[in-house]
Amino acid sequence: MLKVAVFVSGRGSNLRAILNSSKLTKLINVKAVISNKAACQAFKIAEEYSISNFVVGQEENDISYNHLSEFLKSLEIDLVVLAGFLKMIPKDMITNFRNRIINIHPALLPSFGGKGMYGINVHKAVYNSSAQVSGVTVHFVDESYDTGKIIAQRCVDISDVDSPEEIAERVLSVEHELLPYVIQKFALSKIIVDNGRVKVLP
Ligand code: GRF
């Protein structure tokens with residue numbers, strides 16, 4: 001079983017999609033849900049599934065950012081999934097878990113990404129650009145926000161939407177399919193990096 005840690009900052013609907021995915025139950029073991037916020041809703045979801053929660057980077061916290069890498073190693077984590085985690089991942093952790101940290105972004109990278117591009121900000125930018133298509137990107141995490149190699153993307157037609165919120169709703173339902181799909185492929189060793197390009201094998 002692939003040992004997974006999921007990092008969250010808020011609602012946790014992608015965490016729920018992972019935990020609910022029947023395709024993943026036999027392939028992965030979510031060993032920890034980690035957040036920078038002790039009061040995040042996602043922790044309640046983890047508790048429903050009896051998964052341990054950990055807070056990172058606060059004074060009375062469980063783990064400091066300096067010890068994150070060590071902590072994940074002590075749990076023998078194979079894959080780190082950022083599912084709405086809003087803080088920068090420490091550089092040493094990126095080195096230690098190179099090509100083993102993935103992030104889900106609610107737009108088609110490399111557009112509409114980077115610092116400050118999270119939550120409804122992304123969908124407002126997409127809406128205001130008058131883009132007719134948005135989508136979902138799952139990518140490897142590198143040292144900057146949203147710049148790592150792209151693993152998988154899905155497009156969402158937004159030619160008829162009337163608000164950023166409507167884009168958010170359409171995109172979110174696709175996120176809930178794409179993230180479990182990528183994790184499944186990872187667990188089956190079907191994601192390879194070849195000549196600097198990521199390939200998802202059938
Ligand atoms: C999602 O839109 C995800 O793409 C982004 O943050 C949001 C998290 O939503 N990175 P949730 O907490 O999984 O409901």
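Is S134 buried or exposed? In this predicted model, S134 is buried, with a relative accessible area of 2%. That falls below the 20% under which a residue counts as buried. The residue sits in strand β6, which covers residues 133–140. Setting aside residues up to four places away in sequence, S134 touches P106, A107, L108, V126, R154, C155, V156, I158, I167 and V171.

**The sheet**

β6 belongs to an open sheet of seven strands, and the order reads β3-β2-β1-β4-β5-β6-β7. The pairing is mixed. At the edges are β3 (53–55) and β7 (150–157), each of them pairing on one side only. Going from one strand to the next, the twist averages 20 degrees.

Strands of a sheet pair through backbone hydrogen bonds, and they do that either parallel or antiparallel. For β1 and β4 the answer is parallel, with four bridges joining the two strands. If you want one bridge to look at, take V4, whose partner in β4 is L79. Helix α1 packs on this sheet, where it touches β1, β2, β4 and β5. The direction of α1 makes about 165 degrees with that of β2.

**Helix α1 and its surroundings**

So how enclosed is α1? Six of its eight residues are buried, so the helix is largely enclosed by the rest of the structure. The buried ones are S13, N14, L15, A17, I18 and L19. They pack against β1 (2–8), β2 (28–35), α2, β4 (79–82), β5 (101–105) and α6 (164–187). In other words, the list of partners takes in strands and helices alike.

Two helix partners are worth a look side by side:

| Helix pair | Axis separation | Crossing angle | Handedness |
|---|---|---|---|
| α1 and α2 | within 9 Å | roughly 15 degrees | right-handed |
| α1 and α6 | 9 Å | about 50 degrees | right-handed |

Take α2 (residues 41–48) to begin with. Its axis and that of α1 (residues 13–20) cross at roughly 15 degrees, which makes α1 roughly parallel to α2. On the α1 side the contact is made by L15, R16 and L19, and on the α2 side by A42, I45, A46 and E48. Sorted by character, the residues of this contact are five nonpolar, no polar and two charged. A bit of helix geometry helps when reading such lists: an α-helix has 3.6 residues a turn, so residues three or four places apart point the same way.

Now α6. α1 and α6 pack at an angle of about 50 degrees, and the two are therefore oblique to each other. Here S13, N14, A17 and I18 of α1 meet L172, E175, H176, L179, P180 and I183 of α6. This contact divides into six nonpolar, three polar and one charged.

**A loop residue, M117**

Away from the helix pairs, there is M117, found in the loop between β5 and α5 (120–129). Which residues does M117 contact, leaving aside its neighbours within four places in sequence? They are H105, F112, V122, A125 and D146. One of them, D146, is 29 residues away from M117 along the chain, and the C-alpha atoms of the two are separated by 9.1 Å.

How values were computed
Residues are numbered from 1 along each chain as its sequence is written. This is a predicted model: local features need pLDDT of at least 70, side-chain atom pairs count only at pLDDT 80 or more; totals for chains, interfaces and linings use all residues. Side-chain values use heavy atoms; hydrogens and water are left out. Axes are lines fitted to C-alpha atoms, for helices over the stretch in contact, and angles run from 0 to 180 degrees between N-to-C directions. Angles under 35 degrees count as roughly parallel, over 145 as roughly antiparallel, 65 to 115 as roughly perpendicular and the rest as oblique. A crossing is left-handed if the near helix is turned anticlockwise from the far one by less than a right angle, and right-handed if clockwise. Contact means heavy atoms within 4.5 Å. Ala, Val, Leu, Ile, Met, Phe, Trp, Tyr, Cys and Pro count as nonpolar, Asp, Glu, Lys and Arg as charged, and the others, Gly among them, as polar. Buried means under 20% relative accessible area, exposed over 50%, partly exposed in between (1.4 Å probe, protein chains only). Two strands pair if DSSP finds at least two bridges between them.
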